[in-house]
Amino acid sequence: MTATTPSEHDPRTVWLSDYRPFSHLVDRVELTFRLSPLRTKVAARLHMRPNPAAPGPHVLRLDGEELRLISLKLDGALLDLTPDETGLTIPGDLLPDAPFTLETLVEIDPAENTALEGLYMSNGMYCTQCEAQGFRKITFYPDRPDVMARFSVVIEGEAPVLLSNGNPVAGTAGADGQTRAEWDDPWPKPAYLFALVAGDLVAHRDRFTTKSGRDVDLAIWVRQGDQDRCAWAMDSLIRSMKWDEEVYGREYDLDIFNIVAVDDFNMGAMENKGLNIFNSKFVLASPETATDDDFARIEAIIAHEYFHNWTGNRITCRDWFQLCLKEGLTVFRDQQFSGDMRSHAVKRIEDVALLRARQFREDQGPLAHPVRPESFVEINNFYTATVYEKGAELIRMLKVLVGDQAYAKALDLYFSRHDGHAATIEDWLRVFEDVTGQDLSQFKRWYSEAGTPRLQVSDSFENGTYRLVLRQHTPPTPGQPVKSPKVIPVAVGLLAQDGSELHPTRILTLTEAEQSFEFTGLNERPVPSILRGFSAPVVLERETSVTERALLLAHDSDLFNRYEAGRSLAREMLVASLSGRPDLQEAWLDALVPVIRDVDLDPAFRALILRLPGEDDLAQALADRGITPDPAAIYLARRSAGDALAAALARDLPGLLAGLQDNRPFVPDAAGAGRRALHAALLALQSRLDGGQAAAAAFAAADNMSATIAALTALLDNGQGQAELTAFAGKWQADRNVMDKWFMLQIACAAPGKAAEIADALTGNADFDLKNPNRFRAVFGALAANHAGFHQADGACYRLLADWLLRLDTLNPQTAARISTAFETWPRYDAARQALIRAELTRISATPGLSRDLSEMVGRMLAAG
Ligand code: TRP
Ligand code: ZN
């Protein structure tokens with residue numbers, strides 16, 4: 001018997017198993033846009049023919065939503081058909097069994113489009129977002145990724161800049177203020193990669209010559225006044241183009257590459273062919289306005305979208321169930337790139353922290369789903385940490401399992417075999433099987449089974465032989481009560497008691513539920529370093545002594561596992577103090593303090609080690625051990641650990657801070673970012689001791705945004721910083737991206753019991769804008785991330801969030817649904833909080849007119865209890 005999830009009962013559910021090729025092929029698409037805010041006309045001419053691979057009879061179903069159909073012609077003859085809510089059906093008896101041309105003329109209202117899907121307006125500029133199913137809000141079309149066609153586009157309007165995919169064919173500007181441009185994209189593509197931008201924009205330009213000699217014009221288009229904040233994004237783009245040539249042998253394939261920055265955007269960015277569209281916060285940066293984290297994220301997202309040109313665009317997905325085919329691979333590629341640009345160890349630690357915070361959390365709750373889901377109601381709800389981050393982990397594991405050389409060969413084969421096609425996970429795995437001769441059917445379970453495997457380890461030592469016994473078990477997830485053993489590559493090294501390396505890293509490949517592995521010829525009982533580099537996305541469960549962890553923290557040659565030893569020590573210490581077990585604080589400090597003092601160690605690494613486990617992470621750790629987490633107690637335990645650390649480092653702090661003081665101009669590189677991150681972490685500790693004096697001075701002296709935010713955070717965490725907040729707002733009032741930080745920080749740093757009040761007040765601020773996803777996220781994303789604040793016992797934050805999700809849902813369902821994941825952990829809390837959250841979820845789900853997006857999310861969350 002298999003359990004069912006709510007989506008299976010929803011009549012709107014789409015199934016992977018129902019995939020059928022589309023009835024027709026589209027050879028060419030000609031689009032003409034006559035732009036106008038409330039009455040944009042879109043004329044489409046589709047050159048189609050029956051698909052020989054699809055069984056007849058060939059009825060033609062076109063997707064289309066919120067379109068006013070003005071006329072419809074088949075081979076020049078008017079057809080009188082009426083569309084329904086979701087599209088238009090042309091009966092088979094009207095269709096020739098040969099190539100034909102279908103022409104539609106529709107009218108749409110970009111200015112009223114607050115969902116930011118399809119054609120919409122942002123600050124007076126027209127732009128599009130078509131992934132996943134936005135093109136159907138632009139014109140009638142088979143809006144599915146396996147229908148690939150050549151597009152040519154004519155844009156008529158009044159804006160000086162008119163952009164679309166591919167190469168510019170012609171452009172004119174008339175004296176009457178009317179403008180016109182023609183674009184032609186030589187590469188067949190699915191509709192979700194279509195893009196159009198029109199506005200009063202200026203370009204930051206550069207050039208790139210590919211290794212085979214193609215000259216490419218690069219342009220980043222922004223609003224007047226933002227030109228001087230594009231240099232970092234451009235630099236990142238050029239490095240990405242070079243890296244993809246060097247590492248994957250992939251060259252760019254058009255004469256022009258455009259990036260546009262848009263203020264109102266649902267996600268990070270979008271890889272439209274030759275015309276990437278970005279959330280402006282992931283393009284614009286200057287030392288004065290962007291933090292080191294912003295610079296790093298811009299570099300990664302620019303790379304990510306650029307890399308999609310091959311992994312996503314040239315080779316796309318057959319259907320949306322295969323989303324991880326492009327996203328997992330492209331995330332993996334951007335992670336490799338950032339590691340090469342910066343530090344592999346630091347990048348890995350950060351990526352794993354994100355994976356645990358987002359994906360493990362998702363996998364352990366009611367929203368758990370496989371990397372390749374088998375059904376969905378609203379595809380936008382599956383752009384998740386599981387598809388993206390766990391999807392990338394699967395590729396990392398594959399690479400470890402087959403080796404670097406076979407990985408490179410498999411990718412070459414993938415690119416040559418599937419170029420120009422819409423592919424599946426089966427196609428992806430087959431290139432690895434063909435290159436290596438290995439059977440990957442067991443590995444494929446990683447794609448179909450949800451849940452985070454637990455890896456239990458026990459060991460023994462006898463007569464020079466060290467034996468490790470590995471056991472795996474994956475807890476049930478919604479709809480999947482029983483799991484099977486996975487292929488798990490476990491990287492293991494052995495240390496001697498003095499910390500020296502006894503045995504270099506060896507990959508143990510676990511394929512059974514339980515297996516043992518031996519290391520022979522040892523003179524002493526080793527200390528194992530298990531799951532080096534986090535070689536698999538699993539939870540390692542092993543009883544380890546504090547001494548062993550301290551030894552690994554001090555000596556492991558694998559920097560990831562050094563970090564991991566420090567993290568698990570801190571976590572155990574906090575869990576112990578929260579569950580009435582013996583105090584481990586002193587042992588933790590004894591192990592940690594020397595690492596922080598070690599000025600020969602990379603500052604970035606020390607900054608990471610200093611970071612205490614997050615409150616949500618601790619709540620999960622407690623729930624895992626069968627203890628109901630108490631958010632207020634977690635907050636206090638973490639606070640007091642911070643105080644103890646500050647006290648233990650009291651005499652070192654002034655010297656360490658002075659040693660990190662930097663008078664050189666700001667450079668957003670890894671070395672500088674590492675120094676500033678350590679400085680920020682130490683400044684926060686110093687504030688616990690000096691009443692915020694050092695932080696206030698740092699705020700006054702700050703000449704870059706990283707330093708400003710570090711100082712302000714230290715002050716707010718200390719219950720101070722009101723004057724500084726006012727000064728900050730006075731200085732940055734006119735800058736949307738910077739002001740998001742102002743909104744976000746106040747809520748992120750709100751003391752327990754204050755979060756609802758502060759968030760509520762901020763929604764009344766004249767600059768709060770429900771229609772801007774960045775601003776909404778700055779307030780409500782931050783509220784959800786403030787664990788003790790959000791879980792205030794009277795449920796005030798739950799209520800506030802539910803109220804605002806309902807308001808947002810009428811305007812922008814996609815973002816409302818995404819932020820509703822704030823509630824996904826509800827089953828882990830006490831009965832009173834559970835009841836409060838369930839009441840809010842029930843209230844949302846009972847609201848008439850709820851979007852498909854939010855209703856699916858709320859339904860899945862409610863099904864947990
Ligand atoms: N494909 C985009 C990326 O990963 C994601 C994306 C951007 C998106 N905008 C979207 C997905 C809107 C769904 C809806 O880079
Ligand atoms: Zn992507």
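This is a short tour of the zinc ion and of ligand 1 in a predicted model.

**Stop 1: the zinc ion.** Select ligand 2, the zinc ion, and show the side chains of His304, His308 and Glu327. These residues supply its protein donors: NE2 of His304, NE2 of His308 and, listed twice, OE of Glu327. The distances to the zinc ion run from 1.9 to 2.8 Å. Along the chain, the donors follow the spacing H-x3-H-x18-E. His304 belongs to helix 2 (residues 292–307) and Glu327 to helix 3 (residues 323–341), so this pair ties together parts that are 23 residues apart in sequence. Colour the two helices to see this. Both His304 and Glu327 are buried.

**Stop 2: the angles.** Stay on the zinc ion. There are 6 donor atoms, the angles among them span 42 to 162°, and the site is irregular.

**Stop 3: ligand 1.** Now select ligand 1 and the 15 residues that surround it. The closest are Glu131, Ala269, Glu271, Glu305 and Tyr388. By class, this shell has 5 nonpolar, 5 polar and 5 charged residues.

**Stop 4: polar atoms at ligand 1.** Show Glu305: a polar atom of its side chain is 2.7 Å from an oxygen atom of ligand 1. His304, already seen as a zinc donor, has a side-chain N or O atom 3.4 Å from an oxygen atom of ligand 1. For Lys326, a side-chain N or O atom lies 3.5 Å from a nitrogen atom of ligand 1.

**Stop 5: the cover.** How much of ligand 1 does the protein bury? Taken alone, ligand 1 exposes 370 Å², and the protein buries 97% of that. Strand 19 (269–270), helix 2 and helix 3 each give two or more residues to the shell.

Terms used
Residues are numbered from 1 along each chain as its sequence is written. Chains are lettered from A and ligands numbered from 1 in the order in which they are written. This is a predicted model: local features need pLDDT of at least 70, side-chain atom pairs count only at pLDDT 80 or more; totals for chains, interfaces and linings use all residues. Side-chain values use heavy atoms; hydrogens and water are left out. Donors are N, O and S atoms within 2.8 Å of the metal (3.2 Å for Na, K and Ca); water is not among the atoms, so sites may look incomplete. Four donors count as tetrahedral if all angles lie between 85 and 135 degrees; four count as square planar and six as octahedral if opposite donors are over 155 degrees apart and all others between 65 and 115; anything else is irregular. Helices (H or I, at least four residues) and strands (E, at least two) are DSSP runs, numbered from the N terminus. Buried means under 20% relative accessible area, exposed over 50%, partly exposed in between (1.4 Å probe, protein chains only). A residue is near a molecule or strand if one of its heavy atoms lies within 4 Å of it. A polar contact is a pair of N or O atoms within 3.5 Å; within protein, one must be able to donate a hydrogen and the other to accept it, and residues adjacent in sequence count only if both atoms are side-chain atoms. Accessible areas come from the Shrake-Rupley method with a 1.4 Å probe; for residues, only the protein chains shown count as cover. Ala, Val, Leu, Ile, Met, Phe, Trp, Tyr, Cys and Pro count as nonpolar, Asp, Glu, Lys and Arg as charged, and the others, Gly among them, as polar.
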